[in-house]
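Here is a short briefing for a first look. Keep the structure open beside the text and find each element as it comes up.

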Amino acid sequence: MNQQKSPSPFRVFLQKFLRQRFAVISLGLILCIIAVALLAPWLAPYDPYRPVTDQYAAKGIEAGRLTSASVKVEAVMSDGTIKRAKELGHLTLDSADRQIASARKAGENVIVNANGDGSTAILLSAGEAASRFKVIVSGEDNGQAYVSQLIADVQQHSLELGAEQTAKVKAVLTDGTELAGMNEIAAYVEKNAAMPAIKPAANDGFGNTRVTDDSHGLTFTSLEPDVVQVGSDGAIKAVGAGETAVKVSLDGVSTLIPLAVNQPLSKPIVTRLVPEELAIDLINRYKHQPPSGMHLFGTDHQNRDIFSRVLVGTRETLLIGFVSVSIGAAIGTFLGLLAGYYGRWLDALIMRCTDVLLAFPGILLAIAVIALLGPGIVNIIFAVAVFTVPIFIRIVRGSTLSVKQMTYVEAAKSIGVKDRVILMRHIFPGTLSIVMVYLTMRIGTAILIGASLSFLGLGGDITAPEWGAMLSAAKDNSRNLFHPTFFPGLAIVVTVLSFNLLGDGLRDALDPKLKD
Amino acid sequence: MFSFIVRRVAGMIPLLIVVSIISFLFVHLTPGDPIRVLYGTEISPAAYEMLKQKEGLNDPLYVQYGRYIKKIVTQGDFGISYRTKSNVSEEIVRRLCYTLVLTLASMLWAVVIGLAVGIISATKRNTIWDRLGMVTTITALSIPEFWFGLMLMQIFAVQLGWLPTSGSGGLEHLILPSLTLGLGVAAIVARFTRSSVLDVLREDYVRTARAKGQRGWVIVMTHVLRSALIPVVTMTGLQFGILLGGAVVVEQVFAWPGLGSYLIDSILTRDYPVIQALILLFSVQFLVVNLLVDVSYGLLNPQIRYE
């Protein structure tokens, strides 16, 4: 019964603490983070210091599948049958920008390889028919839709001499939109007039220089003007006996309309090429891979695995937090005890020094220390420690002043206990609870300040896997990307938030005013 | 009141002297020879001695300190930058305005957001809004400013393209940096406002007003805020220092041409005369603002009497 009435202070604290759900969760998180920090070298899937590309071979990962894709190409013949690319024989491939992607034939398929970031288009051509598909590397879509295919048809393929008809044209864009009829195509051409036409390199050595400037708009060409004549509006007129075709082209893409005058069509010709997909997404494996199963957080500008770097960075970040706050708290507590207990000139001296330290607002005190000592990780720890000292002096001094009034201190004094012993045995334990609370909260702040300092480039080694330095590098090298900045920052937020919530919980649990 | 101000200012003077000594020592404690840096390393020993004499570097430190302070006080002269060889004061004057605009705009965000969240949390105590507000504020306090800035930049400038990514110019350039800088202080103001309003809500006169049948928001607006906001004003003023410190980081993120980015550039290039001047300037600004806040607290709060 007696125990029920006055449980031990520790048990009261534990009860109060366990009731705070957030604080308990945070404590669990902090323990996890500490475990990660200790085990990081074994947990990290990749070496955080080297590009992942060099590490694929050792890990037995086939890197090729990321950076290339195979696209099936089919040819639509004039008689409606479909042929495989293999049977065409003379399929040529041309990339608008080889710096971004290139393509080659491999059996039935076309293999596209990513070479750099960006988006480009690859032109397929077989004879007079040509189609195009878009390649987006590393998600850097330029948002432009290119003309992919043209579909042209006439009512009759076999004409009488002198017969007239008009071709119907439909265009398919790489984003899947269809432009039906001349008017829509004309509107598209006009809208995109400002865009440079996608042309294959003027002379690529393969004689594939069919595309000229004037082919930006829709054009009709008769392959044999003696047999069939065609106007710029698609009006076809049979003028002589024979077999030919009308070529319709737009922006490098072309299709054929087979026509025969006074005779049936003899053999089917290729009218149109159809790539399996209109646009394909590839990843450039040499830098900035987006998050994927292989790289949970993606890779950075030097193609290092961000997930591994975040894991390994935990160690350095926690080290800055723990070491600097421990040093700062130890010095601050010591000076605070002295100032509070002895009072008079010692108190005045210590407090004036504190005032001087507090005269530099916020992070500026730490920055000033770095300015004196020069950049470097050890100096960051020292700077954050200096930043922590005045706060501890103030709170410990205040706490000491109130504990000093206690009767048991007076009693100890009156029986002649030495000052040193009173300080250590009777006063310091009394200030311990508030020191614990501030210690926890200050670790969060110290991590923030440390990360800010290394973000500012004051941490010395900017290539180190440290969260602040990673963010600094991401800001300079990966401006337009989300993942290199997001994940290291999230790691900071989770860590600091855990310490802050734990500190809040401890404060509430240790606060004697707060009743259950 | 007057004697309080006099005493407060007088108390600040020794602090100012110590701070100025510390900043003065920056050039003298740090590696690098000012003469060699300013006039090149290839000057002859004779010329070196002559220049050293001319610059007064052979004098004892206290004489040099006296001259340094005299120059600052009488001419506003902070010396010559090692890097650009130009006058530090001119550069400071050019950049001071940017930092002040940024700090004040952040303060505006902080006050508007902080008060709104704080008042709502307090009046709707223990509801989902209160919880949400408090969770948001503690999260905001745990977010590194520079990361928040980078995320805002990523969303509003890079992805949506609504605002410029960095640099200075029109009002649109100010929105993201000031919001970034204001976040932490907004969270502090919100938490403080909440507890202050909660304290006042417990007062008897609020109960009386409620008993009288006055509407809830009228009570909050007329009775509660009047006294609840006095400590909030003081506390907000004291956050000015945090904003000044934070400005150093945020200016670096958004390439804002203020004093903060000047300081970091100078530290990275070891331009000690500039570092010296800026450290002194930042802490003097901070001390003066704190003094003004202390004085205004007395003016705002009729309960305080300075004996």
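Domain bounds here come from an automatic or database domain assignment. For chain B that assignment gives domain 1 (2-75) and domain 2 (96-300). The model is predicted. The points below start with these domains and then move to the contact between the chains, the cores and single elements.

**The two domains of chain B**
- The C-alpha centres of domain 1 of chain B and domain 2 of chain B are 35 Å apart.
- Domain 1 of chain B puts 15 residues into the contact, and domain 2 of chain B puts in 14 residues.
- On the side of domain 1 of chain B that touches domain 2 of chain B, ten residues are nonpolar, four are polar and one is charged.

**Where chain B meets chain A**
- The contact joins 36 residues of chain B to 33 residues of chain A.
- Six helices of chain B each supply at least two residues of the side that touches chain A: H1 (2-29), H6 (128-142), H7 (145-159), H11 (240-254), H12 (259-268) and H13 (272-300).
- H11(B) gives the largest share of that side, with nine residues.
- This side of chain B holds 27 nonpolar residues, nine polar and no charged.

**Nonpolar cores**
- The largest nonpolar core has 142 residues. A:Ala366, A:Ile370, A:Val384 and B:Leu278 touch the most other members.
- Helix H13 (residues 419-455) of chain A supplies the largest share of this core, 14 residues.
- Domain 1 (2-75) and domain 2 (96-300) of chain B both give residues to this core, so the core lies between them.
- B:Leu278 is in contact with B:Leu259, B:Tyr262 and B:Leu263, leaving aside its neighbours within four places in sequence.
- Another core, of 55 residues, lies apart from the largest one. Among its members are A:Ala75, A:Ala101, A:Leu179 and A:Leu273.

**Two helices of chain B**
- H6(B) has 15 residues, which at 1.5 Å a residue should span 21 Å. The end C-alpha atoms of H6(B) are 21 Å apart, so the two values agree.
- The buried residues of H6(B) are B:Gly133, B:Thr137, B:Ala140, B:Leu141 and B:Ser142.
- Both chains help to cover these buried residues of H6(B). The cover includes H13 and helix H15 (483-510) of chain A, along with helix H5 (88-123) and helix H8 (171-201) of chain B.
- Is helix H9 (residues 204-211) of chain B largely in the open or buried? Of its eight residues, the number buried is zero, so H9(B) lies largely in the open.
- B:Gly213, just after H9(B), takes a positive phi of about 95 degrees.

**Chain A: make-up and one strand**
- Chain A contains 15 helices and 19 strands.
- Of the 516 residues in chain A, 44% are buried.
- Take the contacts in chain A between residues at least 6 apart in sequence: 64% of them join residues at least 24 apart.
- Strand E13 (residues 219-222) of chain A has alternating side chains. A:Phe220 and A:Ser222 point to one face and are buried, while A:Thr219 and A:Thr221 point to the other face and are not.
- E13(A) pairs with strand E16 (residues 242-250) of chain A in the antiparallel sense, over four bridges.
- Within E16(A), A:Ser249 is the residue that stands opposite A:Thr219.

Notes
Residues are numbered from 1 along each chain as its sequence is written. Chains are lettered from A and ligands numbered from 1 in the order in which they are written. This is a predicted model: local features need pLDDT of at least 70, side-chain atom pairs count only at pLDDT 80 or more; totals for chains, interfaces and linings use all residues. Two residues are in contact if their C-beta atoms, placed from the backbone, lie within 7 Å. Ala, Val, Leu, Ile, Met, Phe, Trp, Tyr, Cys and Pro count as nonpolar, Asp, Glu, Lys and Arg as charged, and the others, Gly among them, as polar. A residue is buried if 20 or more other C-beta atoms lie within 10 Å of its own, exposed if 12 or fewer, and partly exposed in between; C-beta atoms are placed from the backbone. Two strands pair if DSSP finds at least two bridges between them. A nonpolar core is a set of buried Ala, Val, Leu, Ile, Met, Phe, Trp, Tyr and Cys residues joined through C-beta atoms within 7 Å. The expected span of a helix is 1.5 Å times one less than its number of residues.
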